[in-house]
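Got the viewer open? Here is a short walk through the model, one selection at a time.

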Amino acid sequence: MSHKNQTLGEFIIENQSAFKYSSGELSSLLNSIRLAAKVVNHEVNKAGLVDIIGAVGDTNVQGEDQQKLDVYANEKFIQTLTKRNIVCGIASEEEDDFIAINSQDENHQNKYVVLIDPLDGSSNIDVNVSVGTIFSIYRRITPVGTPVTLKDFLQKGSKQVAAGYVVYGTSTMLVYTTGAGVNGFTLNPAIGSFYLSHPDMQFPEDGNIYSVNEGNYIHFPQGIKNYIKYCQKEEGDRPYTSRYIGSLVSDFHRNMIKGGIYLYPQSSKNPNGKLRLLYECNPMAFLAEQANGKANNGFIRIMDIEPTELHQRVPFICGSKNMVEKVEEFMQDS
């Protein structure tokens with residue numbers, strides 16, 4: 001079928017046979033994410049009109065001021081996912097602990113866990129910069145019929161069955177993978193449907209954009225400092241262009257389309273890096289690898305890291321294959 005006017009719903013149904021587990025379950029899960037994304041999109045787009053900006057006065061588990069909108073997005077995604085009777089647990093960046101969900105019959109029959117960053121980059125909301133939602137889906141590893149446990153969430157990224165993000169930008173897009181490539185869908189706000197606009201997305205092997213907070217340069221490891229100097233050197237197709245939005249979803253999205261690399265390394269301020277392995281790095285790494293890119297922590301593949309805690313942080317380097325390999329070289333040499 002031509003993708004010309006294909007909706008997300010049609011695409012999910014048409015491609016569910018490629019998914020190695022029960023097709024209806026995945027469709028239901030993705031549909032609930034699609035639904036919550038529409039609701040959150042509606043709120044995000046009117047953020048400036050209503051008194052929705054400004055911190056709630058609560059701080060989340062990471063000690064960051066919570067925007068009212070984060071709380072809203074968190075509630076909406078949790079509500080929508082809970083209703084569908086398909087998820088046995090949800091972990092959110094906004095919650096201290098995972099949320100266990102009983103099936104309607106209290107028999108713990110549900111098979112999937114979802115990890116979610118409901119509104120990534122939310123400090124950008126009040127300056128009208130794109131924010132996003134990141135999600136990651138696993139099959140539980142504890143037996144069906146028993147309550148979900150922490151073990152079900154602490155799985156390596158390579159075990160993900162689906163992952164994606166929604167970017168609430170100049171146009172709102174939902175981009176996801178189930179391990180058979182990456183596809184992007186754009187919301188038509190007039191009709192409320194997502195349409196396939198970016199089939200089979202791929203990172204160019206090389207790029208000329210590097211995205212890093214250079215204000216932290218002094219705190220970076222020597223290998224990263226050397227790589228940044230390399231990006232700035234006049235040689236061949238360099239210097240590269242520096243582009244850093246500070247919303248992971250937006251930076252990743254741009255680099256995937258144009259070719260580039262995103263770096264959030266460890267630093268003397270954040271010795272383990274700052275991004276969360278389970279809510280941010282694993283889903284983005286899965287998307288990157290499915291789109292012909294790479295993601296590592298400077299030395300090893302992100303999706304091979306064995307998680308030990310829910311809110312674990314890791315250094316994160318992700319993007320066009322050749323650029324990521326270049327960073328690995330610099331890290332090893334130093």
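Which side chains meet in a salt bridge at 3.2 Å, N to O? Select Glu-93 and Arg-276: those are the two. Keep in mind as you look around that this is a predicted model.

Now zoom out a little. Glu-93 sits in the loop between E3 and strand E4 (99-100), while Arg-276 is in the loop between strand E13 (260-264) and helix H7 (277-290). That puts the partners 183 residues apart along the chain. The structure as a whole holds 12 salt bridges, and the count between domain 1 and domain 2 is one.

**Colour by domain**

Give residues 8-200 one colour for domain 1 and residues 209-333 another for domain 2, following the domain assignment of the protein. The C-alpha centres of these domains lie 23 Å apart. Show the residues in contact and you should have 50 from domain 1 and 33 from domain 2.

How much area is buried between domain 1 and domain 2? About 2,900 Å², with carbon and sulfur atoms giving 63% of it. On the domain 1 side, pick out Leu-154, Lys-156 and Tyr-165 next. These residues lose the most area to domain 2, and together they make up 21% of what that side buries.

Try polar contacts after that: 12 residue pairs make them between domain 1 and domain 2, counting pairs with both residues at pLDDT 80 or more.

**Which elements face domain 2?**

Switch to cartoon and select these parts of domain 1, each of which supplies at least two residues to the side that touches domain 2:

- strands E3 (87-92), E5 (112-120) and E6 (131-139)
- helix H4 (150-153)
- strands E7 (162-168) and E8 (172-177)

E6 deserves its own colour, since its seven residues are the largest share of that side. Colour the domain 1 side by residue class and you get 24 nonpolar, 18 polar and eight charged residues.

**A stop around helix H5**

Move along to helix H5 (residues 222-232) and select Tyr-230 there, plus Tyr-240 in the loop between H5 and strand E12 (241-242). The two rings form an edge-to-face aromatic pair, 6.3 Å centre to centre with 80° between the planes. In sequence the tyrosines are 10 residues apart. A search of the whole structure finds 12 aromatic pairs.

Stay in that loop, where Pro-239 also lies. What kind of peptide bond joins Arg-238 and Pro-239? A cis one, with omega about 10°.

**One last backbone check**

Finish at Asn-128, in the loop between E5 and E6. Its phi is near 60°, a positive value in a residue other than glycine. For context, most residues other than glycine have a negative phi, and most peptide bonds are trans.

Terms used:
Residues numbered from 1 in each chain as written. Predicted model: local features only at pLDDT ≥ 70, side-chain atom pairs only at ≥ 80, totals over all residues. Heavy atoms only, no water. Domains from an automatic or database assignment. Contact = heavy atoms within 4.5 Å. Buried area = accessible area lost by both parts, 1.4 Å probe. Salt bridge = Lys/Arg side-chain N within 4 Å of Asp/Glu carboxyl O. Polar contact = N/O pair within 3.5 Å; in protein donor to acceptor, adjacent residues only side chain to side chain. Helix = DSSP H or I, 4+ residues; strand = E, 2+ residues; numbered from the N terminus. Nonpolar A, V, L, I, M, F, W, Y, C, P; charged D, E, K, R; others polar. Phe/Tyr/Trp six-rings, centres within 6.5 Å; stacked < 30°, edge-to-face > 60°.
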